[in-house]
Amino acid sequence: MKIICVGRNYIEHAEELHHAVPAKPLFFFKPDTALTSGEDFYLPSFAERFEYECELVVKICKVGKCIDRAFAKNYYNEVAIGLDITARDIQQKEISQGLPWTLSKAFDYSAPVSEFIPLSSLGKEITNLDFALTKNGIRVQEANTGSMIFSVDEIIAYVSQFVTLKVGDLIFTGTPQGVGSININDHFAGYLEARPLLNLTIK
Ligand code: MG
């Protein structure tokens with residue numbers, strides 16, 4: 001199982017981090033050891049600043065390579081809410097030095113993901129889902145998936161040109177604006193179409 005993460009997929013988020021809006025999907029990987037469904041996240045000590053990035057997560061249900069965008073919707077049927085936890089100070093150094101984002105993005109437990117629910121249970125298209133994140137009860141991120149620069153189907157078509165998608169692979173589809181710091185004792189709740197799915201306490 002692999003975790004594919006799309007970066008800079010919402011214009012306002014790219015702008016808040018002072019990045020150019022990409023012309024093609026930008027993606028990177030987290031290993032399977034990043035995945036956690038646990039309710040607790042233990043803040044590592046190797047960086048100064050960890051940040052949350054709330055994202056819609058899609059689970060691949062069918063093997064595919066070079067998937068045509070028109071058929072991409074056949075390759076997923078479940079969605080969840082996840083946090084792409086990022087060691088932001090390390091990432092900034094990696095970016096300035098032209099290095100890959102491995103240390104800042106791929107560490108253990110950097111991908112808490114809620115339970116998956118059938119997309120069909122939401123009764124809406126994947127291009128029109130509202131999701132949100134609260135930090136200590138205050139809403140810090142909210143978006144509609146219609147604001148993605150590259151839709152889920154476009155991401156699948158693009159990524160599968162280079163990398164075969166397998167059953168159980170996860171795609172983090174990018175975070176909207178409002179990313180911010182994670183500190184001990186913070187509590188995060190993630191919502192998809194107002195359903196509370198993710199519950200994470202920082203220890
Ligand atoms: Mg992200």
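# Strands, a magnesium site and two loops

Biologist: How many bridges join strand S5 (residues 50–52) to S14?

Modeller: Strands S5 and S14 run antiparallel, and they count as a pair because DSSP finds at least two bridges between them, which is the requirement for pairing. Strands (E, at least two residues) and helices (H or I, at least four) are DSSP runs, numbered from the N terminus. Between S5 and S14 the number of bridges is two.

Biologist: Before I go further, on what kind of model do these values rest?

Modeller: Residues are numbered from 1 along each chain as its sequence is written, and side-chain values use heavy atoms, with hydrogens and water left out. Local features need pLDDT of at least 70 and side-chain atom pairs count only at pLDDT 80 or more, while totals for chains, interfaces and linings use all residues, for the model is predicted.

Biologist: Which residue is the bridge partner of Glu-51 in S14?

Modeller: S5 belongs to an open sheet of three strands, in the order S8-S5-S14, with antiparallel pairing. S8 and S14 (180–181) are the edge strands, each pairing on one side only. In S14, the partner of Glu-51 is Ser-181.

Biologist: What order do the strands take in the open sheet of five?

Modeller: The pairing in this sheet is mixed. Strand S4 (40–41) and S12 form its edges, each with pairing on one side only. The order of the five strands is S4-S16-S15-S11-S12.

Biologist: Which residue in S16 stands opposite Phe-41?

Modeller: S4 is joined to S16 by two bridges, and these two strands run parallel. Opposite Phe-41, in S16, stands Ile-202.

Biologist: How many residues of strand S6 (residues 54–60) are buried?

Modeller: A residue is buried under 20% relative accessible area, exposed over 50% and partly exposed in between (1.4 Å probe, protein chains only). By that rule S6 is mostly covered, the buried count among its seven residues being six.

Biologist: Which partners does Lys-59 have in S7 and in S13?

Modeller: S6 is joined by seven bridges to strand S7 (residues 76–83), and the two run antiparallel. Three bridges join S6 to strand S13 (residues 170–172), also in antiparallel fashion. In S7 the bridge partner of Lys-59 is Glu-78, and in S13 it is Leu-170.

Biologist: Which residues coordinate the magnesium ion?

Modeller: Donors are N, O and S atoms within 2.8 Å of the metal (3.2 Å for Na, K and Ca); water is not among the atoms, so sites may look incomplete. The coordination distances are 2.0 to 2.1 Å. Along the chain, the donors follow the spacing E-x1-E-x28-D. The coordinating residues are Glu-53 (OE), Glu-55 (OE) and Asp-84 (OD).

Biologist: How many residues apart are Glu-55 and Asp-84?

Modeller: Glu-55 lies in strand S6, whereas Asp-84 lies in the loop between S7 and strand S8 (86–87). This pair therefore links distant parts of the chain, with a separation in residues of 29.

Biologist: Are Glu-55 and Asp-84 buried or exposed?

Modeller: Glu-55 has a relative accessibility of 0%. Asp-84 has a relative accessibility of 1%. Because of these values, Glu-55 counts as buried, and Asp-84 likewise counts as buried.

Biologist: What phi does Asn-136 have?

Modeller: Most residues other than glycine have a negative phi. Asn-136 is found in the loop between strand S11 (130–135) and strand S12 (138–144), and it is partly exposed, with a relative accessible area of 41%. Although it is not a glycine, Asn-136 has a positive phi of about 50°.

Biologist: In which loop does Glu-193 lie?

Modeller: Glu-193 is another residue other than glycine with a positive phi, near 50°. At 22% relative accessibility, Glu-193 counts as partly exposed. Its loop lies between strand S15 (187–192) and strand S16 (195–202).

Biologist: What is the radius of gyration of the protein chain?

Modeller: The chain has four helices and 16 strands. The globule rule, 2.2 Å times the number of residues to the power 0.38, is compared with a radius taken over C-alpha atoms. For 203 residues the rule gives 17 Å, and the chain is close to this, so it is as compact as a globular protein of that length; its radius of gyration is 16 Å.

Biologist: What percentage of the 203 residues is buried?

Modeller: The C-alpha trace spans about 45 × 40 × 30 Å along its principal axes. Within the protein chain, the share made up by buried residues is 54%.
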